[in-house]
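Reader: Could you walk me through this model before I set anything up with it? I would like to begin with confidence and then move on to the fold and the side chains.

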Amino acid sequence: MHWAYNTWMALILTVLAVFGLLLVGETWWRHQAVHGEFSRKFIHITVGSFVAVWPFFLTWSQIELLSLSFLSLY
């Protein structure tokens with residue numbers, strides 16, 4: 001039970017972190033605090049760096065699930 005709770009919590013926190021980063025970039029762009037190109041690059045670099053460390057705290061099946069989920073949202 002304890003292991004299952006930790007893996008689901010990691011999955012939920014991962015999704016919230018990605019959506020949080022997207023929200024920050026969108027807010028910056030909408031308020032014209034930063035140029036649109038910088039906002040786009042910021043999102044790509046931060047989310048890409050975050051995804052690179054997923055194997056340290058998520059299982060491969062969770063990474064596959066997240067990848068398919070985010071792909072279906074696109």
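**Confidence, fold and side chains**

Author: This is a predicted model, and the mean pLDDT of the protein is 82, with 92% of its residues reaching 70 or more.

Reader: Where is confidence lowest, and where is it highest?

Author: Helix α1 has the lowest confidence, with a mean of 80, whereas helix α3, which covers residues 60–73, has the highest, at 85. As a general caution, predicted coordinates should not be read in detail where pLDDT is low.

Reader: OK, on to the fold. How many helices and strands does the protein have?

Author: There are three helices and zero strands, so that the order of elements from the N terminus reads α-α-α. The radius of gyration is 14 Å, well over the 11 Å that the globule rule gives for 74 residues, and the protein is therefore more spread out than a compact globule.

Reader: What box do the C-alpha atoms fill?

Author: Taken along the principal axes, the C-alpha atoms fill a box of roughly 45 × 20 × 20 Å.

Reader: And what share of the residues is buried?

Author: Buried residues make up 19% of the 74 residues. The protein exposes about 5,800 Å², and carbon and sulfur atoms supply 72% of that area.

Reader: What about contacts between residues far apart in sequence, how much do they account for?

Author: Among the contacts with a separation of 6 or more, 60% are accounted for by residues 24 or more positions apart. As a separate example of distance in sequence and space, Thr59 and Ala10 are 49 residues apart in sequence, while their C-alpha atoms are 9.8 Å apart.

Reader: Where does Thr59 lie?

Author: Thr59 is in the loop between α2 and α3, and with a relative accessibility of 29% Thr59 counts as partly exposed.

Reader: Switching to charges: how many salt bridges are there?

Author: The count comes to two salt bridges. One joins the side chains of Glu26 and Arg30, at 2.9 Å from N to O, and the other joins those of Glu37 and Arg40, at 2.6 Å from N to O. In general, side chains of opposite charge can pair when their charged atoms come close.

Reader: How are the partners spaced along their helices?

Author: Glu26 and Arg30 both lie in helix α1, four residues apart, which is about one turn of the helix. Glu37 and Arg40 are three residues apart in helix α2 (residues 36–52), and this spacing separates them by about one helical turn.

Reader: Is each partner exposed or partly exposed?

Author: In the α1 pair, Glu26 is partly exposed, with a relative accessible area of 34%, whereas Arg30 is exposed, at 59%. In the α2 pair, Glu37 is partly exposed at 35%, and Arg40 is partly exposed at 42%.

Reader: Last topic, then: which residues form the nonpolar patch on the surface?

Author: The patch is formed by Trp8, Met9, Ile12, Leu13 and Leu16, which together have about 520 Å² of accessible area.

Reader: Take Leu16 on its own; where is its place, and why does Leu16 count as exposed?

Author: Leu16 sits in helix α1, which covers residues 2–30. Leu16 counts as exposed because its relative accessibility is 55%, and the cut-off for exposed is over 50%.

Technical notes:
Residues numbered from 1 in each chain as written. Heavy atoms only, no water. Patch = residues over 30% accessible without salt bridge, like charges linked within 9 Å, V, L, I, M, F, W, Y side chains within 5 Å. Areas by Shrake-Rupley, 256 points an atom, 1.4 Å probe, with all protein chains shown as cover. Salt bridge = Lys/Arg side-chain N within 4 Å of Asp/Glu carboxyl O. Helix = DSSP H or I, 4+ residues; strand = E, 2+ residues; numbered from the N terminus. Buried < 20%, exposed > 50% of the residue type's maximum accessible area, 1.4 Å probe, protein only. Rg over C-alpha atoms; globule rule 2.2 N^0.38 Å. Contact = heavy atoms within 4.5 Å. pLDDT = per-residue confidence, 0-100.
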